Amino acid sequence: MDMMEFLRTRRTYRRFDQRPIAPEILTEAIDAARLASCGANRQTVRYILVQSARAVSAVQPLVHWAAYLPPEQGVPKPDEQPTAFIAVLQDTRLPGCSDVDVGLALGSLTAAAWAHGVGSCIMGAIDRPALTELLALPEGLRLCYMVALGYPAHKSRVVNMQDGSVKYYLDENCDYCVPKRSMDEVLLKTL
């Protein structure tokens, strides 16, 4: 698949088949994040891999799904939940923590997973205090995001934006439709 097709299909996925992800795919995704560019090469981003069924089940109620959809549509049912999570952290004991670095790491992590057909959902609507306790984070590590991972049980596609709405929605097959602004709208000028 060419790069643009790869990027069109590397969408957010929120319902998953219940087959496990090979541990080497998960560690490769973290390795891809580790290799991402970062400001002044400071490398302040850290990760915790949550892959045991017990740990995944403990994380699941502490993350919030699909804000644009009613819960009965946006929250995965028990047989659709992710099979792994990766916690993305900042080591605040190091100088130069940057949200840009976290974003670059997240992009690399999710792309590496998608290269193996593993879908992801980057989650910022999370119960940080409860997850900090559950993950037993030491002082100086700040939880930024949780990434839900699994083999997608639905499709997700880019659609043209209608009436200026950015809200994703489900089609008649319960697949995600993700509106994107046109190139004419985002490319302001060429000099």
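Two strands are taken as paired if DSSP finds at least two bridges between them. In this predicted model, that criterion is met by E6 and strand E7 (residues 176-180), which are joined by two bridges and run antiparallel. Within this pair, Tyr169 has Cys177 of E7 as its bridge partner. Both strands belong to an open sheet of three strands with mixed pairing, ordered E5-E7-E6. Strand E5 (156-160) and strand E6 (169-170) form the edges of this sheet, each pairing on one side only.

A further antiparallel pairing involves E3 and strand E4 (residues 141-150), between which there are five bridges. In this pairing Ser120 lies opposite Leu149 of E4. Strand E3 (residues 119-123) is largely enclosed by the rest of the structure, because four of its five residues are buried. One residue within the span 119-123 of E3 is Cys121, which is buried with a relative accessible area of 5%.

The largest nonpolar core has 29 residues, among which Val63, Trp65, Phe85, Met123, Leu131, Leu143 and Met146 touch the most other members. Two or more residues are contributed to this core by each of helix H3 (53-59), strand E2 (84-91), E3, E4 and E7. E4 provides the largest share, four residues. Such a core is in keeping with the tendency of nonpolar side chains in soluble globular proteins to be buried together.

Nonpolar side chains also occur at the surface. Met3, Met4 and Leu7 make a nonpolar surface patch of about 310 Å². Of these residues, Met3 is located in helix H1 (residues 3-9). Met3 has a relative accessibility of 53% and therefore counts as exposed, the threshold for that class being over 50%.

With regard to the cysteines, the structure contains zero disulfides. A disulfide requires a pair of cysteine sulfur atoms within 2.5 Å. For Cys38, the closest cysteine sulfur is that of Cys97, at 11 Å, so the separation is too far for a bond. The sulfur of Cys121 likewise has no partner for a bond, because its closest cysteine sulfur, in Cys144, is 16 Å away and thus too far. In terms of accessibility, Cys38 is partly exposed, with a relative accessible area of 21%, whereas Cys121 is buried at 5%. The value for Cys38 is to be read against the limit for burial, which is under 20% relative accessible area.

Terms used: Residues numbered from 1 in each chain as written. Predicted model: local features only at pLDDT ≥ 70, side-chain atom pairs only at ≥ 80, totals over all residues. Heavy atoms only, no water. Buried < 20%, exposed > 50% of the residue type's maximum accessible area, 1.4 Å probe, protein only. Patch = residues over 30% accessible without salt bridge, like charges linked within 9 Å, V, L, I, M, F, W, Y side chains within 5 Å. Areas by Shrake-Rupley, 256 points an atom, 1.4 Å probe, with all protein chains shown as cover. Salt bridge = Lys/Arg side-chain N within 4 Å of Asp/Glu carboxyl O. Core = buried A, V, L, I, M, F, W, Y, C linked by side-chain atoms within 4.5 Å.
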